[in-house]
Amino acid sequence: MVFLAGGPGGETFDDIPFLVSSGVNADHDLIVMAQRGNRYDEPNLACPEVDRSNARAVGLGYDSAQAKSQMLEALKQCRKRLTADGTDLGAYNTIENAADFADLRTALGIARWNVYGYSYGTDLALTLLRTHPEGIRAVAIDSVAPPQSVVLPWGWPSAQEGIGAILDACAAQPACGNRYPDLRKTLDEQVARLEAKPLTLTARPPKGGAPVKVVLDGGALLSVLVANTVKPADVPAAIDELAHGNPERFATARAVDAVPAVGMTAHGLTQSVACAEWTPGVTESEVLDAGRKAFPGWPDTVLAQTPQLPFQIDVCRTWNVPDRAAAQRIAAVSSVPVLLLSGTFDQKSGSDFAKDAARTLSRSTSVKIPGITHWVVPQSPCAAKVLASFLARPTAPDTGCVAGLKPAPFTITPK
């Protein structure tokens with residue numbers, strides 16, 4: 001089985017312990033290759049400039065003019081440095097990425113293999129299935145982001161679905177629903193309040209280090225939720241605490257980025273894919289409209305930035321790679337068996353995207369795991385069991401363990 005990591009631009013080999021602990025390699029040889037431009041590749045498309053900018057940004061308003069100018073300047077510097085060495089940033093795209101994996105299978109002399117990808121790796125896996133179907137026995141995609149759906153505003157419906165599922169699950173648990181009533185209204189009020197009057201705090205990064213300045217506004221609050229930095233079990237308590245004057249959980253979560261792993265993420269690959277494939281043809285008004293549809297009544301300043309991808313249209317003007325949207329935004333049409341795994345609490349790639357992908361996959365099995373966030377298999381023994389069953393019998397996986405699964409209990413704090 002070959003593994004396709006998320007990102008794009010994530011440090012692939014850091015994922016191996018999660019794969020092994022999930023038993024993914026128990027019955028199969030596991031092949032892991034870093035995608036082009038990653039940490040150990042030549043050239044390496046890391047942008048330490050961006051890592052340092054992200055660290056400084058925790059002390060700025062999420063959607064502030066200063067945060068924007070700082071980010072654009074960091075990307076400009078990174079682009080200049082990379083292209084000065086002759087790197088063609090336009091060559092870092094999903095179709096070329098898929099061709100690398102097709103070449104890998106041939107180079108290793110493997111007649112048939114299974115493909116497993118998560119997050120961006122699902123976009124890549126479906127592109128591989130579409131452009132190089134030869135030799136693919138079965139495909140498992142986890143936290144699905146199909147190429148036909150990954151267009152810049154796509155973060156809004158995912159955020160709406162994932163956050164809504166957490167709030168609904170709390171309401172469905174008597175202990176949580178009684179302790180934190182009307183959470184949706186409370187969240188709406190806190191986003192509006194923080195956007196109107198941001199909090200400037202000092203917080204200690206969770207992994208250690210000196211306390212840092214943190215600005216918590218409406219956009220930062222949403223970003224922390226979508227990034228899953230506050231774990232779902234703690235989200236109701238964190239929202240309630242914030243409403244009662246205690247922002248500590250969110251402030252600490254915001255401080256996570258203050259201590260970046262400089263050089264670990266290939267931001268160049270991230271932006272080459274995002275700017276060639278996800279952003280072309282999208283207007284700022286379309287992003288805002290999608291935000292308003294997802295969270296009616298929230299401040300426009302929050303809704304103007306796609307979650308996790310702030311200022312992306314301006315970023316792409318700076319990054320300046322060729323438009324490849326027409327070649328990439330194509331559904332994979334296939335009769336190869338495909339397993340689609342989703343978590344109900346996933347705020348990055350909501351489970352509804354699995355439905356988009358499955359429409360053109362005639363032998364697909366879709367499984368939704370309650371109470372799980374992004375990248376399902378390492379978090380759910382049941383999902384790992386389903387994946388193993390699928391790899392053994394791609395046309396008849398055993399999904400029985402899913403029945404009766406419920407989200408874990410939420411954190412209940414004293415009144």
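Let me begin with D314, which counts as buried at 15% relative accessibility. Please keep in mind that this is a predicted model. The side chain of D314 forms a salt bridge with that of R317, at 2.7 Å from N to O. Both residues belong to helix 15, three residues apart, or about one turn of the helix. R317, in contrast to its buried partner, is exposed, with a relative accessible area of 56%. K68 joins D314 and R317 in a network of salt bridges.

D314 also brings us to the second largest pocket, since it is one of the residues that lie nearest the pocket's centre, together with E284, A304, Q305 and F311. The lining comprises 15 residues: seven nonpolar, four polar and four charged. Helix 13 (284-294) and helix 15 (312-319) each contribute at least two of them. The space in this pocket is about 200 Å³.

I turn now to the other salt bridges. The count for the model is 12. Which parts of the chain does the pair D240 and R179 link? The side chains of D240 and R179 meet at 3.4 Å, N to O, and the pair links distant parts of the chain, with D240 in helix 10 and R179 in helix 7, 61 residues apart. D240 is buried at 13% relative accessible area, and R179 is buried with a value of 13%.

A further bridge joins D234 and R249, at 4.0 Å from N to O. D234 lies in the loop between helix 9 and helix 10, and R249 in helix 11, so this pair ties together parts 15 residues apart in sequence. D234 is partly exposed at 22% relative accessibility, and R249 is partly exposed at 27%.

Technical notes. Residues numbered from 1 in each chain as written. Predicted model: local features only at pLDDT ≥ 70, side-chain atom pairs only at ≥ 80, totals over all residues. Heavy atoms only, no water. 1 Å grid on protein atoms, 1.4 Å probe; cavity = no way out; pocket = protein on both sides within 12 Å on 5 of 7 lines; lining within 4 Å. Points joined across faces, edges and corners; volume = space filled by probe spheres on them. Helix = DSSP H or I, 4+ residues; strand = E, 2+ residues; numbered from the N terminus. Nonpolar A, V, L, I, M, F, W, Y, C, P; charged D, E, K, R; others polar. Buried < 20%, exposed > 50% of the residue type's maximum accessible area, 1.4 Å probe, protein only.
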